[in-house]
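Open the model in your viewer and keep the sequence beside it, since this tour moves from one selection to the next.

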Amino acid sequence: MVRCFSLGSILILAALAASMVVLPLMLPPLPPPPLVLLFFPVGIMAALVLLAFSPSEAKGNVVVYSP
């Protein structure tokens with residue numbers, strides 16, 4: 001069987017998961033971020049969608065076969 005994680009990495013992941021459960025219970029609630037920061041991930045997603053559906057330049061990828 002292949003071992004994907006060593007003992008050290010499993011302990012680090014377990015400590016990270018435990019801190020994600022415990023720290024929100026101990027820390028005070030934060031105020032909401034400014035509206036501009038909320039639109040930042042939306043802008044990144046919109047740019048990725050536009051890049052995904054924009055036509056690509058295929059001129060450099062054309063292979064011509066001549067016997």
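Before selecting anything, it helps to know that a residue is called buried when its relative accessible area is under 20%, exposed when it is over 50%, and partly exposed in between. Keep in mind, too, that this is a predicted model.

Begin with the whole protein chain, in which there are two helices and zero strands. Of its 67 residues, buried ones make up 0%, and the accessible surface comes to about 6,800 Å², with 79% of that belonging to carbon and sulfur atoms.

Next, select residues 7–26, which form helix 1; its 20 residues reach 28 Å from the first C-alpha to the last, close to the 28 Å expected at 1.5 Å a residue. Within helix 1, look at Met 20, where a kink of about 25 degrees lies shortly before the proline Pro 24.

Then move to residues 35–53, which are helix 2. Helix 2 has 19 residues and spans 28 Å between its first and last C-alpha, close to an expected 27 Å, and it is hardly covered, with a count of zero buried residues.

Finally, select Phe 40, which lies in helix 2 and counts as exposed because its relative accessibility is 56%. Add Ile 44, Met 45, Leu 48, Val 49, Leu 51 and Phe 53 to the selection, and together with Phe 40 they make a nonpolar surface patch of about 790 Å².

Notes:
Residues numbered from 1 in each chain as written. Predicted model: local features only at pLDDT ≥ 70, side-chain atom pairs only at ≥ 80, totals over all residues. Heavy atoms only, no water. Patch = residues over 30% accessible without salt bridge, like charges linked within 9 Å, V, L, I, M, F, W, Y side chains within 5 Å. Areas by Shrake-Rupley, 256 points an atom, 1.4 Å probe, with all protein chains shown as cover. Salt bridge = Lys/Arg side-chain N within 4 Å of Asp/Glu carboxyl O. Helix = DSSP H or I, 4+ residues; strand = E, 2+ residues; numbered from the N terminus. Buried < 20%, exposed > 50% of the residue type's maximum accessible area, 1.4 Å probe, protein only. Expected span 1.5 Å × (residues − 1). Bend = angle between axes of the 7 residues up to and from the residue.
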